[in-house]
4 protein chains.
Amino acid sequence: MIKIGIIGYGYWGPNLVRNFSEIQESRVIAVSDLDPKRLNLVKTRHPDIQTEADYRALLANPGIDAIAIATPVSSHYRLALEALEAGKHVFVEKPLTETAKEAEALVAAAEMRNLVLHVDHTFIYTGAVRKIRQLVDNGDLGDLYYYDSVRINLGLFQHDINVIWDLAVHDLAIMDYVFPLTPVAVSATGISHVPDKPANIAFLTLFFDNNVIAHIHVNWLAPVKLRRTLIGGSRKMVLYDDLEPSEKIKVYDKGITLNGSKENLYNTLIGYRTGDMWAPQLEITEALRVEAQHFSRCITHGEASLSDGRAGLRIVRILEAANRSLREGGRPVKFDWLFGNATHSDRLPVEEAA
Amino acid sequence: MIKIGIIGYGYWGPNLVRNFSEIQESRVIAVSDLDPKRLNLVKTRHPDIQTEADYRALLANPGIDAIAIATPVSSHYRLALEALEAGKHVFVEKPLTETAKEAEALVAAAEMRNLVLHVDHTFIYTGAVRKIRQLVDNGDLGDLYYYDSVRINLGLFQHDINVIWDLAVHDLAIMDYVFPLTPVAVSATGISHVPDKPANIAFLTLFFDNNVIAHIHVNWLAPVKLRRTLIGGSRKMVLYDDLEPSEKIKVYDKGITLNGSKENLYNTLIGYRTGDMWAPQLEITEALRVEAQHFSRCITHGEASLSDGRAGLRIVRILEAANRSLREGGRPVKFDWLFGNATHSDRLPVEEAA
Amino acid sequence: MIKIGIIGYGYWGPNLVRNFSEIQESRVIAVSDLDPKRLNLVKTRHPDIQTEADYRALLANPGIDAIAIATPVSSHYRLALEALEAGKHVFVEKPLTETAKEAEALVAAAEMRNLVLHVDHTFIYTGAVRKIRQLVDNGDLGDLYYYDSVRINLGLFQHDINVIWDLAVHDLAIMDYVFPLTPVAVSATGISHVPDKPANIAFLTLFFDNNVIAHIHVNWLAPVKLRRTLIGGSRKMVLYDDLEPSEKIKVYDKGITLNGSKENLYNTLIGYRTGDMWAPQLEITEALRVEAQHFSRCITHGEASLSDGRAGLRIVRILEAANRSLREGGRPVKFDWLFGNATHSDRLPVEEAA
Amino acid sequence: MIKIGIIGYGYWGPNLVRNFSEIQESRVIAVSDLDPKRLNLVKTRHPDIQTEADYRALLANPGIDAIAIATPVSSHYRLALEALEAGKHVFVEKPLTETAKEAEALVAAAEMRNLVLHVDHTFIYTGAVRKIRQLVDNGDLGDLYYYDSVRINLGLFQHDINVIWDLAVHDLAIMDYVFPLTPVAVSATGISHVPDKPANIAFLTLFFDNNVIAHIHVNWLAPVKLRRTLIGGSRKMVLYDDLEPSEKIKVYDKGITLNGSKENLYNTLIGYRTGDMWAPQLEITEALRVEAQHFSRCITHGEASLSDGRAGLRIVRILEAANRSLREGGRPVKFDWLFGNATHSDRLPVEEAA
């Protein structure tokens with residue numbers, strides 16, 4: 001059983017405490033927070049969990065195997081690094097860090113010590129996203145054509161990060177998980193409607209090799225709430241609507257068929273194919289519970305985390321490049337996939353990933 | 001009563017013949033088409049309409065006041081120019097021409113001769129779009145924040161123009177009509193999934209002065225059909241869903257409120273405002289009928305066309321720049337609003353517009 | 001090729017003329033209507049079709065094989081009987097007659113002369129309804145549990161028949177076709193909101209043997225339009241939404257499972273089963289075209305009509321009983337299935353049905 | 001501040017404890033339950049609340065002002081009566097009792113002692129239902145025409161009560177609250193698909209004087225979940241969809257207009273009116289919290305409960321009659337509105353209601 005210390009009991013921390021407490025694979029030993037009121041809340045709800053004003057007490061505690069970090073992004077790098085240096089496995093909120101350079105350092109620190117560095121890309125542990133991954137891996141979609149996501153609603157404006165770092169990060173994490181592909185460049189546009197505040201509307205295009213494209217559309221200032229992703233493939237297409245109470249995933253047997261010879265591409269005839277639609281039943285276990293169990297098994301059984309530090313780094317690298325493109329009105333920015341971080345370690349045998 | 005000659009009886013021509021025939025303000029005198037089968041169809045349906053294999057017979061006919069052109073875009077420039085030179089008023093399908101240079105020449109040719117040059121931006125004559133324009137003009141939306149449109153479905157792949165020229169042209173025409181603003185630059189991205197064919201997915205961001213942004217999202221290869229536009233303003237926001245059988249327009253009393261002093265922008269507090277939603281009743285007269293009557297009145301009463309050559313030119317200029325940006329992966333392309341074509345003549349008093 | 005004469009060129013007649021004209025299996029010889037303006041319209045649209053003010057000219061024409069009747073229901077009985085007596089096959093609008101007694105007489109008249117008597121239950125020729133029938137016949141739904149339909153909208157109030165005879169007749173025809181079962185009684189309730197006019201809201205419950213129930217819900221005075229049918233079975237359940245542009249039929253792998261011994265029914269445990277949803281692709285040929293071809297083949301090849309006079313009689317008998325129950329506040333009225341009309345001849349081998 | 005004792009800590013009890021604890025107007029003193037495990041759960045969650053195996057300890061406690069009863073319906077009568085006899089105000093789950101006779105006895109017992117008897121018709125305390133009541137009271141809907149509700153989903157089959165007592169009770173309570181009318185008779189039909197179990201599908205028609213009708217449609221065995229009510233009036237119509245995340249209430253300016261003279265009703269012309277749709281913003285406070293505050297004020301300030309014993313009795317009387325009609329295949333059953341229970345006391349001045 002993994003013994004966990006949790007830093008930060010604000011918005012998300014309580015969910016971590018609850019899930020790591022309820023599963024068999026782990027136990028929450030201690031929680032730290034700077035705010036005494038939050039610590040009191042922990043005491044009331046979980047009299048058996050130790051509370052600490054200073055997170056260093058958690059790092060120094062030899063009875064703690066792993067640290068979960070649920071603090072603002074600006075503190076992720078420092079806290080995660082200290083935890084790794086103290087020999088703890090680390091579970092950290094998304095996005096992993098504020099810069100790719102920091103993320104690289106964390107990946108190196110974890111790999112050097114053979115510790116698990118896990119980023120909380122919660123959505124990839126939902127039944128819906130796991131089903132999409134399965135459809136892609138089974139070849140049901142055929143060749144991948146595009147990934148197109150819309151994530152909009154009214155609020156909650158962040159003061160320190162723009163809407164890409166707040167909302168698009170979810171889409172990037174999902175896409176990174178379901179697509180066995182790494183983008184080569186990004187073009188981002190957007191705008192802020194509040195003086196001196198970060199962009200509240202943004203649009204990202206991600207370019208891939210092999211005629212694949214992705215687009216992510218985020219907005220804090222929309223009158224309606226939408227969470228809708230389309231994934232196009234040569235054989236099938238998927239509509240993922242996270243707001244549907246059931247049937248979140250619809251698989252369409254639709255597409256085009258090309259008839260023509262290689263010699264005479266100009267005369268290619270395009271046919272339209274329309275078949276059945278199918279909405280597979282989905283697992284409904286709470287994603288964070290599935291993730292907490294997975295994280296625990298990564299530590300105890302040496303499983304590779306599906307959202308490891310390298311995945312976190314890939315996302316941060318894209319976010320960083322998107323910010324640069326955003327400032328330049330959509331000028332495409334190529335990624336510098338050094339450090340092997342373009343490789344999806346979770347799709348590789350464990351030896352290669354190590 | 002205006003006497004009309006119509007060139008082209010393919011996909012759209014029959015709608016023009018029907019509408020110009022049914023209204024009191026005009027009469028269809030003659031139709032030309034290169035295909036004898038199509039001309040026979042005209043004869044069967046409209047025994048009283050003259051048919052001609054050569055469109056020049058229409059231009060030469062002194063009994064014809066105006067020419068409607070419903071042919072492929074590559075022929076628009078030449079046919080419209082000849083018609084204007086023959087002293088005819090012109091109604092031409094969208095997009096006006098293949099290049100802005102050609103569009104400029106047509107505008108000049110029409111203005112020089114004091115002839116009406118009208119582009120068939122059909123959507124702006126729908127009850128829904130006219131209602132949105134009214135809401136904008138009345139100030140109901142407050143300051144405009146954004147225009148965000150999605151127009152996707154499966155098919156129909158065009159062989160000569162990309163999806164921007166085929167689908168986004170509708171959104172650009174609508175936006176040009178309802179927004180009293182002119183964009184200053186465009187960033188476009190997209191991709192083709194069929195070898196050697198034009199892009200079938202594309203995303204356009206349009207930049208305006210004054211913190212306004214627009215985004216248009218088009219796709220010929222989507223498993224579902226969507227026709228949905230969001231317009232954000234400081235007071236109200238509009239959802240326009242053209243596929244709704246009724247309630248195509250929903251007006252949301254939603255938004256943010258900023259509380260803070262000018263001196264201390266960093267501490268601006270953002271509040272979220274949620275009020276009633278309202279779906280105004282819309283006029284349901286067929287758009288093309290409204291447009292045909294408007295075109296006729298432009299000729300007989302000297303009204304300014306709501307979709308005149310200058311509007312057509314503005315759209316073509318954006319399409320041209322979008323193509324350039326598309327080729328360069330989203331690099332922003334600024335517009336060269338020479339020739340006064342950035343001015344929305346339809347919002348000006350007649351003297352200035354002339 | 002069947003030669004057809006059509007009586008009545010009002011609302012529905014033009015659809016009959018168009019469909020019987022366009023298919024290979026038949027030809028429209030003549031049309032009669034009391035209104036000279038309607039006859040002129042026939043002449044303009046179909047110069048090759050003979051027009052007659054008096055329908056008797058059609059009955060007397062030896063070149064006509066079959067008569068289609070598209071007149072108000074009060075005239076169906078007389079016209080159909082005269083046509084049968086003149087040796088013509090008959091295609092008649094729904095409902096077949098105003099009374100079951102009349103319907104019985106028509107069935108007898110047709111069977112005696114070995115003529116086809118076909119009722120225009122158009123919906124059973126749609127791809128959607130044929131698919132449901134297929135699912136039922138294949139046993140995909142398991143034991144049938146219920147049929148539950150809602151058909152409401154604003155207008156069109158009829159002056160001579162109530163909303164059951166106008167709208168529920170569609171649901172009864174569909175149910176009669178897809179359910180291999182005959183109801184034994186009906187309870188109907190309803191109300192009129194316009195003085196001295198027939199009921200504009202009504203609710204029908206149909207009782208069957210074997211724990212099956214049906215309910216039909218019709219309303220001319222609803223603010224929204226709904227056309228939605230649920231069919232429950234022990235293995236699967238169907239949602240048929242006729243207003244869906246695509247995916248009109250959704251098949252749900254949902255239901256209950258009973259665990260318990262026969263001895264101890266009280267302790268039966270009910271489990272809930274939730275699986276995939278599936279929307280099969282549907283044929284999209286216009287229903288009336290499919291029906292016109294079917295009717296023609298019934299005459300030429302001796303096929304049994306899927307909506308023969310006995311089906312029409314079953315529907316009229318239910319409508320008649322529903323009216324009686326409606327007047328008595330829902331008191332259940334049993335059907336008097338004499339004359340063998342409870343048997344679905346279309347599900348029987350031809351020998352038995354004859 | 002009202003001091004509350006709660007009997008029953010099963011499915012609904014925890015919600016009562018939470019809400020009565022969180023508001024200023026009341027405090028939960030003690031909870032009783034027969035199951036020691038449930039009592040332990042109370043202790044863990046609310047260390048300051050007293051727990052008792054025997055509810056009589058609550059009734060005997062002079063520090064308790066009011067008793068809330070959240071036990072199976074079969075125990076409501078006895079527990080409520082004992083509580084009233086012990087001089088406690090009573091808050092009881094719906095339906096109030098198993099028989100109208102029992103409900104009458106409770107009403108009498110409460111009124112004799114001047115104690116508050118309140119039934120937990122939770123829905124009438126939602127923002128949506130309060131808004132509908134307001135629209136009715138303001139005359140916005142004009143003359144009321146109909147109430148039409150659908151409440152279906154898969155599960156949860158009850159073993160002791162049928163689907164009418166489980167689901168339709170909500171609709172009856174809502175209708176009783178928003179309609180200033182009392183039904184005069186009911187026709188109910190339904191069926192059970194599980195041997196020896198209560199009906200799992202049912203349809204109720206309620207008849208009123210004055211050309212008003214209501215229909216309620218409930219089903220535990222539907223593949224989709226629906227919670228949708230239509231209310232028709234002569235001026236406006238309301239669609240209330242409880243599953244909509246926002247816009248639960250839509251008000252349609254739609255209907256018919258009658259043109260005709262009183263002398264010549266047969267020639268009445270019916271016109272169709274279509275105007276704007278409007279979705280008013282709704283209060284989003286949790287209904288049970290609003291209700292808990294209301295119940296407390298009824299005790300402290302002598303306010304009349306909006307869902308008092310007489311309202312509970314009206315509902316039980318309808319349920320009882322519905323069961324009788326159900327057994328007789330829909331035969332209409334008239335209500336015996338003795339005991340003044342047809343009067344909506346909440347719409348009357350307090351003197352008259354007393």
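**Figure 1. Laying chain A on chain B.** In this predicted model, a turn of 180° and a shift of 0.0 Å along the axis put chain A on chain B, with an RMSD of 0.0 Å. The two copies are therefore related as by a two-fold rotation axis. Both copies use the same surface: 100% of the contact residues of chain A turn up again in chain B. Looking for the part of chain A that comes closest to the rotation axis? That's Arg331(A), whose C-alpha sits 2.0 Å from it.

**Figure 2. Where chain A meets chain B.** Here 41 residues of chain A are in contact with 41 residues of chain B. On the chain A side, a run of strands does its share: β7 (144–154), β8 (185–191), β9 (201–207), β10 (213–219), β11 (221–233), β12 (237–241), β13 (249–259) and β14 (269–279) each put in at least two residues. Which strand gives the most to this side of chain A? It's β11(A), with six residues. Sort the chain A side by class and you get 27 nonpolar, eleven polar and three charged residues.

**Figure 3. Chain D on chain C.** Now for the other pair. Chain D superposes on chain C with an RMSD of 0.1 Å, after a rotation of 180° with 0.0 Å of shift along its axis. In chain D, it's Arg331(D) that has the C-alpha nearest the axis, 2.1 Å away. The same surface serves both copies here too, with 100% of the contact residues of chain D recurring in chain C.

**Figure 4. Where chain D meets chain C.** This contact takes 41 residues from chain D and 41 residues from chain C. Strands that each supply at least two residues of the chain D side include β7 (144–154), β8 (185–191), β13 (249–259) and β14 (269–279). β11(D) gives the most, with six residues. By class, the side of chain D that touches chain C has 27 nonpolar, eleven polar and three charged residues.

**Figure 5. Chain pairs without a contact.** Not every pair of chains touches. Chain A and chain D have no contact, and their nearest C-alpha atoms are 8 Å apart. Chain B and chain C aren't joined by any contact either, their closest C-alpha atoms lying 8 Å apart.

**Figure 6. The two domains of chain A.** The domain assignment splits chain A into domain 1 (2–122 + 287–307) and domain 2 (124–278). Measuring is left to the C-alpha centres: those of domain 1 of chain A and domain 2 of chain A lie 30 Å apart. How many residues does each domain bring to the contact? Domain 1 of chain A brings eleven residues and domain 2 of chain A brings eight residues. The domain 1 side of this contact has five nonpolar, four polar and two charged residues.

**Figure 7. Val90 in the largest nonpolar core.** The largest nonpolar core has 457 residues. Which residues have the most contacts inside it? They are Val90(A), Val90(B), Val90(C) and Val90(D). Zoom in on Val90(B): leaving aside its neighbours within four places in sequence, Val90(B) is in contact with Ala66(B), Ile67(B), Ile69(B), Ala80(B), Ala83(B), Leu84(B), Ala110(B), Leu115(B), Leu117(B) and His118(B).

How values were computed: Residues numbered from 1 in each chain as written. Chains lettered and ligands numbered in written order. Predicted model: local features only at pLDDT ≥ 70, side-chain atom pairs only at ≥ 80, totals over all residues. Contact = placed C-beta atoms within 7 Å. Least-squares fit on C-alpha atoms with pLDDT ≥ 70 in both. Domains from an automatic or database assignment. Nonpolar A, V, L, I, M, F, W, Y, C, P; charged D, E, K, R; others polar. Core = buried A, V, L, I, M, F, W, Y, C linked by C-beta atoms within 7 Å. Buried ≥ 20, exposed ≤ 12 C-beta atoms within 10 Å, placed from the backbone. Helix = DSSP H or I, 4+ residues; strand = E, 2+ residues; numbered from the N terminus.
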